Amino acid sequence: MMLDIPKQSSPSNLKMMFKPLLLSFGIVAQALAYSVRREDQHAWIAPGPNDLRGPCPGLNTLANHGYLPRDGRGLNVSIILEAGFNGYHMQPEILMLAAKASLLTSDDPVSFTLDDIKLHGHIEHDASVSRADFALGDNARFNETIFTTLANSNPGVDFYNTTSAGQVQQMRLADSQATNPNLTNTDKEFFIRSAESAFYLSVMGDPLTGVAPKEFVQIFFREERLPIAEGWKRSETPLNGSTVGPLIREIAQHSNWTPTEGQCHWLRLGPNDPIVDF
């Protein structure tokens, strides 16, 4: 492109002619700089030796990407809701109950850590798809042996769906029933397990169909990383009760769940408080 500059243009006239062009370049440069800063801010960084993590791969991943405090400390309901929206496009209604329940896992009246939520009986539960039962081992750290049930599910295709998620839940519960004499298996645990399965399908895949690429889901659990380099993108569809609810129902149907006879759901009102039955 040629600029038609009058031969007798003065320096002041030239400055006026180029000012809009320079202003445009400045705006573009600022936008690019902001984009780079944002990407750096939310780049995946493995947790350090003093950083806290817990039993929830979704929250751990948000911390590893800086949507939550990277040290896993000083969490509250507002921080969780904002991180869930920014990282996963989750509406507050989806995370509100779990975030409020997490406050009960800490001695601090207004905040908690990612490590606190491993307290058995709140959002932590037996028959997890990636953690050991509380009575059998480490209920906070990822367990590859346990995750194999999910990893190997839905053979012959490259995706997971609500059918495979329900079948995985059924197999994991059967394993816990066979090995854990202290298994807690009430309607509360069943709902949390089904909701978590709907979450990983929604966050890593299509929240409307519940179909998620195996590669994305496996990276999410094993590395607690958003598989951006592999092609994952934050869902353009907001995750809310209208999208997650149908997936939970489908997963529950395919899990063929039955409660343990004589058990009722329970929790603790604080980390050192006795169990309260409901």
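What follows is a walk through the fold, the helix packing, the core and a few individual residues of a predicted model.

Starting with the overall picture, the predicted chain has nine helices and four strands. Read from the N terminus, the elements come in the order α-α-α-α-α-β-α-α-β-α-α-β-β. Of the 278 residues in the chain, 44% are buried. As for how the chain folds back on itself, take the contacts between residues at least 6 apart in sequence: 60% of these join residues at least 24 apart.

Helix 2, spanning residues 57-64, is a good place to look at burial. This helix is mostly covered, with eight of its eight residues buried. The run goes Pro-57, Gly-58, Leu-59, Asn-60, Thr-61, Leu-62, Ala-63 and Asn-64, and the cover over these buried residues includes helix 3 and helix 8 (214-222). After helix 2 comes Gly-66, which has a positive phi, near 80°.

Next up is the pairing of helix 3 (residues 77-88) with helix 4 (residues 92-103). Their axes come within 9 Å and cross at roughly 145°, and the crossing is right-handed. On the helix 3 side, the contact is made by Val-77, Ile-80, Leu-81 and Gly-84, while helix 4 brings Pro-92, Leu-95, Met-96, Ala-99, Lys-100 and Leu-103. Sorted by character, the residues of this contact come out as eight nonpolar, one polar and one charged. As background to the spacing within such lists, an α-helix has 3.6 residues a turn, so residues three or four places apart point the same way.

The largest nonpolar core holds 45 residues, and the members that touch the most others are Leu-68, Leu-150 and Met-204. Helix 2, helix 3, helix 4, helix 5 (144-151), helix 6, helix 7, helix 8 and helix 9 (241-255) each give two or more residues to this core. Helix 7 gives the most, at seven residues. Nonpolar side chains do tend to be buried together in soluble globular proteins. Zooming in on Leu-68, and skipping residues up to four places away in sequence, this leucine touches Leu-59, Leu-62, Ala-63, Leu-75, Ile-79, Ile-80, Ala-83 and Leu-114. Among these partners, Leu-59, Leu-62 and Ala-63 are already familiar as buried residues of helix 2, and Ile-80 as part of the contact of helix 3 with helix 4.

Loops have their own stories. Thr-186 sits in the loop between helix 6 (162-179) and helix 7 (187-204). Despite the loop setting, Thr-186 counts as buried because its relative accessible area is 3%. Beyond its neighbours within four places in sequence, Thr-186 is in contact with Trp-257, Gln-263, Cys-264 and His-265. One of these partners, Cys-264, is partly exposed, with a relative accessible area of 34%.

Lys-233 is another loop residue, placed between helix 8 and helix 9. With a relative accessible area of 70%, Lys-233 counts as exposed, since that value is over the 50% cut-off. Its C-alpha atom is separated by 9.2 Å from that of Tyr-88, a residue 145 places away along the chain.

Finally, the cysteines. Cys-56 is partly exposed, with a relative accessible area of 24%. With a disulfide taken as a pair of cysteine sulfur atoms within 2.5 Å, the count for the model is zero.

Note on methods. Residues are numbered from 1 along each chain as its sequence is written. Side-chain values use heavy atoms; hydrogens and water are left out. Buried means under 20% relative accessible area, exposed over 50%, partly exposed in between (1.4 Å probe, protein chains only). Contact means heavy atoms within 4.5 Å. Axes are lines fitted to C-alpha atoms, for helices over the stretch in contact, and angles run from 0 to 180 degrees between N-to-C directions. A crossing is left-handed if the near helix is turned anticlockwise from the far one by less than a right angle, and right-handed if clockwise. Ala, Val, Leu, Ile, Met, Phe, Trp, Tyr, Cys and Pro count as nonpolar, Asp, Glu, Lys and Arg as charged, and the others, Gly among them, as polar. A nonpolar core is a set of buried Ala, Val, Leu, Ile, Met, Phe, Trp, Tyr and Cys residues joined through side-chain atoms within 4.5 Å.
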